Amino acid sequence: MTSRRTLLRGAATALLPATGSLPATARAVTPGRTALRLPAPTGPHPVGLRTVHLTDPSRTDPWEGGVREVMLTVLYPARDVRGRPRVPQLTPAAARAFAELAPAVHSGLPPAGTVDWGAVLTHGHLEAPPLPGRRPVLLYSPGGGDSRTLGTSLAEDLAGHGWTVVLVDHPGDASQVELPGGVRITALRGEPDPATFRTLIDTRVGDLRLVLDRALGEGLGGLPPAPAAGIYGHSAGGTAAVSTAHADPRVRAVANLEGYLDLDPLDGFDRPLLLCRTDGFAGAERLTRSWTGLTGERVLLADSGHWAFTDYASLVPALQAAGLVTPTTRTALVGTAPPTARLAALRHRLRAFFAHHTGPGSGTGL
C-alpha cells in the first residue's frame, strides 16, 4: 500500500506538497488518446443534470473567509433527453486543474498532458425536463481531496432508478471546484492535524444541512421539494454523512463508504446505517474499531482498494490497460476485482438500502 503521505486514507487527507505548489510535469508527454468512459446507469429512466451554486450567508468559509459557497450537481430521472447533450464529468477549467493535481492527490496517476480528463462524459443530459412528481433525495459527500464528480457512476444509477441525487462539493478540501468566480483548489497541505480535520468535518456537515434545507424546502435546481432524504459518503464524506444524520432527524438513512466514525460519540444513533468497506484498506484496524457497537448492514468489497467506491474503480483499470498507470497503482487505489461486477453489486446494494428506508426511487404516489 502506498504511504499515508501520498494517498487519502479513511477520514484522513493527504493532498498537495507542503510548499503549496502544483506538481510539475517531469517530462514532455503526448496528449493521451485513451478514451475514458464511465459505465452506463442501469435504470429505466434517462438522467437529467443541472448544476447549482448555493451560498450560506450565515457561515464564513473557514479556509478563505467570506460567505460559504458550495457547488452541486443535481441528477434526476428525466422525461425526455432529445436535444439535450451529455455533460462532461469536468468543466474545461476544472479538468485543467485536475490534470495538474491528480499525481499529488493520488500518487501514480498520470502526469498532466497525458489524459484528457475533460473528454470524459457523464450520462447526465443537460437541463433535460424531469419526470413529474416528488422524489426522495440522496446527498453524496465525496472523500477528502476528491471532487463531487468522482461519485458520478453511483449517483447516475440511483437517478436512473428514480431518485434525485445531489453531488456536493466542499470547496477548500476538494481538489478543485469551479465556482462562479473561478476554479478554487484545495487549501489543505499534507495530512490535516486533528483541529483541521475537525474543521473539515464540521464544515461539511454545515454544507450538507444547507443542501437539505433547500432540497426539502423549496427544492433544488427547479425540482419540487423532496418528501424524504438520505445521505451517503465516501471516506471523509462517510464521516460527514453519519455526523449529519446524527445531528439532523430529517435524514432517514445513511450509507458510509469506508469512513472512520471515531470523531464524535454516536451514542443513541438510531438511523438505518449501511457500512461498506474494502479488504484492501490500509486503515482497516482503525475502521473496525470505530465501527464497533454500531448496528447496521455491513458490506465487504473483496479484492478492492479504498477508491473502489468512486469513479476511479472504472477509470483506473482503463488507464492501466492503456499503460498509463502501473498494476501497483491500480491495486493501491481500487484493487484487482473485475470493475464491472463489483460496481453492479455495489449499485444494487445501495438501491436496495435506500429503497427500503427512504421510499422507492420511482417516486410513485409521493
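Reader: Which residue does the side chain of Arg 209 meet in a salt bridge?

Author: Asp 248. The N to O distance is 3.1 Å. This is a predicted model, so take the value as computed.

Reader: Where do the two sit along the chain?

Author: In distant parts, 39 residues apart. Arg 209 is in helix α3, residues 194-216. Asp 248 is in the loop between α4 (236-247) and β10 (251-257).

Reader: Is Asp 248 buried or exposed?

Author: Buried, at 1% relative accessibility. Arg 209 is partly exposed, at 33%.

Reader: What else does Asp 248 pair with?

Author: Arg 250. Their side chains meet in a salt bridge at 2.7 Å, N to O. Arg 250 counts as partly exposed, because its relative accessible area is 31% and the partly exposed class lies between 20% and 50%.

Reader: Why can such side chains pair at all?

Author: Opposite charges can pair when the charged atoms come close.

Reader: How many salt bridges does the count come to?

Author: The count is 22.

Reader: Which residues are linked in a network?

Author: Asp 56, Arg 59, Asp 61, Glu 64, Arg 68, Arg 184 and Asp 207 are linked by salt bridges.

Reader: Take Asp 61 and Arg 68 from that network. How far apart are the closest N and O atoms?

Author: They are 2.6 Å apart, in a salt bridge. Asp 61 is buried, at 3% relative accessibility. Arg 68 is buried too, at 0%.

Reader: Switching to backbone. What is phi at Glu 258?

Author: Near 60°, a positive value, and the residue is not a glycine. Most residues other than glycine have a negative phi.

Reader: Where is Glu 258, and is it buried or exposed?

Author: Glu 258 lies in the loop between β10 and β11 (273-278). Glu 258 is buried, with a relative accessible area of 0%.

Reader: And what is phi at Asp 303?

Author: About 55°, positive, again in a residue that is not a glycine. Asp 303 sits in the loop between β12 (297-301) and α6 (312-321). Asp 303 is partly exposed, with a relative accessible area of 47%.

Reader: Now the whole protein. How many helices and strands?

Author: There are 8 helices and 12 strands.

Reader: What share of the residues is buried?

Author: Of the 366 residues, 56% count as buried.

Reader: And how much surface does the protein expose?

Author: About 14,000 Å². Carbon and sulfur atoms supply 54% of that area.

Reader: What about contacts between residues at least 6 apart in sequence?

Author: Of those contacts, 75% join residues at least 24 apart.

Reader: What is the average pLDDT?

Author: The average is 90. At least 70 is reached by 89% of the residues.

Reader: Where is the pLDDT below 50?

Author: Over residues 1-32. Beyond near neighbours in sequence, that stretch still has 104 contacts in the model.

Reader: How should low-pLDDT coordinates be read, and why the caution?

Author: Where pLDDT is low, the predicted coordinates should not be read in detail.

Notes:
Residues numbered from 1 in each chain as written. Predicted model: local features only at pLDDT ≥ 70, side-chain atom pairs only at ≥ 80, totals over all residues. Heavy atoms only, no water. Helix = DSSP H or I, 4+ residues; strand = E, 2+ residues; numbered from the N terminus. Buried < 20%, exposed > 50% of the residue type's maximum accessible area, 1.4 Å probe, protein only. Contact = heavy atoms within 4.5 Å. Areas by Shrake-Rupley, 256 points an atom, 1.4 Å probe, with all protein chains shown as cover. pLDDT = per-residue confidence, 0-100. Salt bridge = Lys/Arg side-chain N within 4 Å of Asp/Glu carboxyl O.
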